[in-house]
Amino acid sequence: MEESKVRKPEGKLGVLVVGANGAVATTFIAGTYAVRKGLAKPIGSISQMATIRLGKRNENRFPKIKDVVPIVDLNDIIFGGWDIRDESAYTSCQIAEVLSSSDLEGIKTELEQLRPMKAVFDQNYVKRLNGSWIKTGESKWDLMMQLREDIRHFKKENNCDRLVVIWCGSTEIFIEMGDIHKHLNKLEQAMKNNHPDVAPSMLYAYAAISEGVPYINGAPNLTVDMPAIWDLCKKNNVPICGKDFKTGQTMLKTVLAPMFKTRMLGLSGWFSTNILGNRDGEVLDDPGSFKTKEESKLSVINTILQPKLYPELYGDVYHKVRINYYPPRKDNKEGWDNIDIFGWMGYSMQMKVDFLCRDSILAAPLCLDLVLFIDLAQRCGFSGIQSWLSFFFKSPMHDENTVPEHDLFIQSIKMKNTLRTIIGETPVDFLDESMD
Ligand SMILES: NC(=O)c1ccc[n+]([C@@H]2O[C@H](COP(=O)([O-])OP(=O)(O)OC[C@H]3O[C@@H](n4cnc5c(N)ncnc54)[C@H](O)[C@@H]3O)[C@@H](O)[C@H]2O)c1
């Protein structure tokens, strides 16, 4: 595609965050305000910090992505969103305790002004949460229509040129894909009939896409990972991506597993455990929500290692993932991995990884990049699943005809090559030379 075909990022971009008062959302929002004011650096953000090689290596052209790819300027972002708690983003930041009060001081005014719209919420889908800032309606369809009205109202009030919706809300209970998720007319009927397999997140997604607004799924929820929604995207020419931000332990898995496979080292077991004490940890303490997260975390290794191709190496892997709610750690998660591998003649070895990370600090730059890149995708006229954004997700979405790509470095090449194509540059052939 030639650059001229990409609509310029003119006007304001409204970013509507579902779960706008959560730890990830407020860290993302506060950080963006701070970067905008020159009070912090956007560390971890590809769109703001990474360079992209253009042309042959010896041409020595390594501009920053943000200088050559037509993404929105951070000053043109307007935040809004929904949550079940009626409090300002400033109060939520204080409760989350991710950012220090000194970091919040310089952006206090902006954060205090930011209050969520009433949420569509049902405790049956997130058992450990309780809220009062909730819409009421006769049916799920009616609630979805109220969300559409919110979206239209926000766009008009804030004079936005375009919008993006990003789910930073809680992980819902596990919902198996059924018939109602496969056909658009059945999904619509199910909303009208209050079918139990229509979760609140699906109502936000349906509302956004119906309004022509791209949707990003940061949680492992089913939400947009279904043919009914893909049909809706096609109908409205809207891009979507998901699911489940790839931040800590899974990011490590998608680097280490390709390493074992490239060296033809065998794997007999991978035990991953986490302790965390934020609200997300509390929500995931419920077996229904944990099952949704577990499915997302487990899919990675099998897809990368291809046990059917290498049965002697990966045919019998014991893979276990645990998440334990441990309040003293708050947002500062600790993730341990014990990896049992084997080498020459079958001799066993072990690798231990102890990652003391910060959940929301890792997730916030992903939110920013995803918002900017999916807006770019829409201005390029892309619709449906954006597999070039797989880089950011634990369970990259794909349709029935494709397989997901999990390897972090292949994902990065694909993402940068898509950006090169968008700006009319030649994609890098990584067999040819370095792929930076
Ligand atoms: N932090 C990470 O590294 C990471 C990585 C991958 C995925 N995630 C996912 O991101 C999501 C957010 O994580 P968090 O740590 O900010 O959790 P959090 O509990 O702090 O925030 C979630 C917010 O969503 C709100 N919410 C729940 N249901 C809602 C609904 N129906 N409508 C509107 N608001 C709703 C809650 O009130 C809360 O404010 C979780 O699903 C988590 O699993 C986080």
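Biologist: Where does leucine 389 lie?

Modeller: Quick note up front: this is a predicted model, where local features need pLDDT of at least 70, side-chain atom pairs count only at pLDDT 80 or more, and totals for chains, interfaces and linings use all residues. Residues are numbered from 1 along each chain as its sequence is written, and side-chain values use heavy atoms, leaving out hydrogens and water. Helices (H or I, at least four residues) and strands (E, at least two) are DSSP runs, numbered from the N terminus. Leucine 389 sits in the loop between β11 (384–385) and α16 (408–422).

Biologist: Is leucine 389 buried or exposed?

Modeller: Buried means under 20% relative accessible area, exposed over 50%, and partly exposed in between (1.4 Å probe, protein chains only). Leucine 389 has 0% relative accessibility, so it counts as buried.

Biologist: Which residues does leucine 389 touch, not counting residues up to four places away in sequence?

Modeller: Contact here means heavy atoms within 4.5 Å. One partner, isoleucine 374, is 15 residues away in sequence and 8.5 Å away in space, C-alpha to C-alpha. Leaving out those sequence neighbours, leucine 389 touches Cys241, Leu370, Phe373 and Ile374.

Biologist: Over to the ligand: how far is its oxygen atom from a polar backbone atom of glycine 169?

Modeller: For comparison, a polar side-chain atom of arginine 85 lies 3.1 Å from an oxygen atom of the ligand. For glycine 169, the distance from a polar backbone atom to a ligand oxygen is 2.7 Å.

Biologist: How many nonpolar residues does the shell around the ligand have?

Modeller: The shell also holds nine polar and eight charged residues. Ala, Val, Leu, Ile, Met, Phe, Trp, Tyr, Cys and Pro count as nonpolar, Asp, Glu, Lys and Arg as charged, and the others, Gly among them, as polar. The nonpolar count is 15.

Definitions and conventions:
Polar contact = N/O pair within 3.5 Å; in protein donor to acceptor, adjacent residues only side chain to side chain.
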